[in-house]
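Here are a few notes to go with your first look at this model. Keep the viewer open as you read, and turn the structure as you go.

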Amino acid sequence: MKLLIDVGNSRMKWASLQDGQLRPGAPVAHGRGFDLVALDDRWRELPEPAAIHVASVLSPSRTRELTDWLHKRWAAPLIEAASQARQVGVRNGYTQPERLGVDRWLAMIGAWAHIGDAVCVVDCGSAVTVDILDRQGQHLGGVIAPGLRLMAQALSDGTDLPLVGDTATIPLGRDTESAMTAGRLQAVVGLIERLHRQAPRGARLIVTGGDAGPIAALLGEPYELIPDLVLQGLAGTLDGA
Amino acid sequence: MRWFIGSLIALNLGILAWGWLGDKQPPPAELAAPGVGTVRLVGEPSADAEPVEVPIPAPPKAVGTPGESGGAASPSPTLAAASPQARSLEAEQAPLPSARLPASEPPAPAKVIDSAPVAAPPPGRPTAPADGGATVVDATPVVSAPEPAFVPEPDVIPAAKTAARQCQRIGPFASAAAATTTRQALAKLGTVNSEQISGEVPAGHWVLVPPQASRAAALAVADRLKKKGITDLWVISKGAEKNGISLGVFSQRENADRFARRARAKGFDVEIRIKTKPGKQTWLNYTGKTAIKTRDIPNTAGVSIVPRDCP
């Protein structure tokens with residue numbers, strides 16, 4: 001069994017991989033630090049993994065907080081994923097391929113494995129990222145924008161408006177709070193739809209991330225919601241690892 | 001004085017008539033010159049131009065005023081019937097539930113606008129669509145030119161085709177000697193340097209009963225262990241394993257496994273962790289054409305393979 005871990009900016013998603021079957025577990029939120037006691041409890045029933053694969057967007061020092069603990073828990077080797085210039089059919093469009101966020105890279109690999117054609121990959125997390133692959137698996141580039149929570153935070157910090165935490169699918173507001181909720185949702189939806197329109201003809205739309213639900217519900221385009229897309233991409237890179 | 005007022009009136013009437021007649025004059029026809037082709041004046045309407053749909057600002061009744069907000073909602077032409085985008089979405093993607101505002105919301109956007117507490121526009125300003133109305137309607141995508149599609153930058157594909165160097169760190173090893181076999185193996189694949197840093201180093205394989213719900217529960221498990229003949233133990237009082245019961249640290253994994261099996265046979269839930277202590281870690285810095293995989297490393301126990309910036 002291999003343990004696959006996707007460390008985002010605010011959540012850690014994980015899955016066990018055995019005989020080609022990816023079994024995702026419940027995500028664990030993390031803030032300033034990891035709740036190692038909760039993790040320990042969650043993984044108690046897990047058999048000893050043969051290898052641990054980590055894809056982390058956190059700084060090396062913050063990632064080490066987790067990996068040091070994982071080393072104490074299991075003797076398994078631990079491999080941190082990194083963005084490559086090309087991998088399993090996808091070619092990185094960054095001028096410095098290793099600088100592309102590993103979560104975006106793996107999400108594209110997961111999407112490519114799923115679609116095998118032009119695709120628009122949207123990750124709705126702390127940041128919203130949209131990356132576009134053409135029909136040959138060439139990454140044309142992408143965008144990074146603030147996610148729902150950060151938009152609410154910015155609006156609250158920069159004005160006297162309240163801080164809204166609601167992520168309900170509200171297309172138009174009927175009071176200040178719901179208008180703010182609708183505003184950030186529509187901002188992200190507009191971003192996604194515009195980029196999708198500019199993507200190569202026939203590009204599919206794949207959505208993932210913790211805030212994908214309310215955003216996808218407002219999309220006026222057909223989409224596929226794949227919650228563990230990054231983990232699927234990570235699994236797709238492990239042949240012979 | 002009378003003649004002066006009279007002449008002013010006559011002058012004004014004259015200017016009015018001049019302006020009125022001027023508006024009625026047809027615009028100049030297309031200017032044609034030999035070898036130049038047709039010249040069309042800027043702003044001149046074209047006979048074959050596509051009809052341009054312009055969102056019509058909702059009349060005050062559709063926008064709603066506080067006095068009208070209590071009435072039954074009627075569809076706003078601005079948000080519903082007159083919305084080219086809404087029409088196109090319905091035509092192209094009618095089966096999609098998400099193409100329009102969700103059903104859980106008021107089906108007619110006008111209803112939202114009607115009941116919203118919209119302030120009356122200030123006098124002298126044209127009545128604009130209600131709060132956000134123009135944004136929601138957004139008629140421009142239908143009538144505007146197609147947006148440019150993304151294409152690969154000329155330098156993108158060659159750059160991606162070039163095999164990038166792989167730069168990774170492999171470790172930690174408890175000593176430079178412990179890293180030797182791995183270093184030799186990796187030297188066949190690329191360049192390897194080593195460095196020492198302060199950190200935690202493995203100190204053995206720790207057999208323990210995992211943390212219990214409380215110290216009292218941990219003490220109860222400890223009592224049961226002692227009654228079953230496992231007496232060399234202590235209840236952990238801090239750290240991630242707080243309220244667990246430590247049963248011993250073994251330098252060899254096999255010995256830890258054997259002890260754990262015996263404890264499990266007596267009915268106890270036992271785990272093996274890697275015990276660490278502060279020390280000097282040795283890390284190998286690898287640079288090569290291919291990324292290191294675990295199969296490239298002779299002994300992978302407790303080893304990380306971590307990306308690093310290429311120098």
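1. Start with Cys124(A): its bridge partner in S10(A) is Val128(A). Please remember as you look that this is a predicted model.

2. Now widen the view to the two strands around that bridge. S9(A) pairs with S10(A), which spans residues 127-133 of chain A, in the antiparallel sense over six bridges. Two residues lie between S9(A) and S10(A), and the strands form a hairpin.

3. Which strand pairs with S9(A) in the parallel sense? That is S12(A), residues 204-208, and the pairing runs over five bridges. Within S12(A), Val207(A) stands opposite Val122(A).

4. Is S9(A) largely enclosed or not? This strand covers residues 119-124, and six of its six residues are buried, so the rest of the structure largely encloses it. A residue counts as buried here if 20 or more other C-beta atoms lie within 10 Å of its own.

5. Try looking at S9(A) face by face. Val119(A), Val121(A) and Asp123(A) are buried on one side, and Cys120(A), Val122(A) and Cys124(A) are buried on the other, so that both faces are covered. Side chains in a regular strand alternate between the two faces of the sheet.

6. Finally, turn to chain B, which has ten helices and eight strands. Of its 311 residues, 23% count as buried. Among the contacts in chain B with a separation of 6 or more, 73% come from residues 24 or more positions apart.

Note on methods:
Residues numbered from 1 in each chain as written. Chains lettered and ligands numbered in written order. Predicted model: local features only at pLDDT ≥ 70, side-chain atom pairs only at ≥ 80, totals over all residues. Helix = DSSP H or I, 4+ residues; strand = E, 2+ residues; numbered from the N terminus. Buried ≥ 20, exposed ≤ 12 C-beta atoms within 10 Å, placed from the backbone. Contact = placed C-beta atoms within 7 Å. Pairing = 2+ DSSP bridges.
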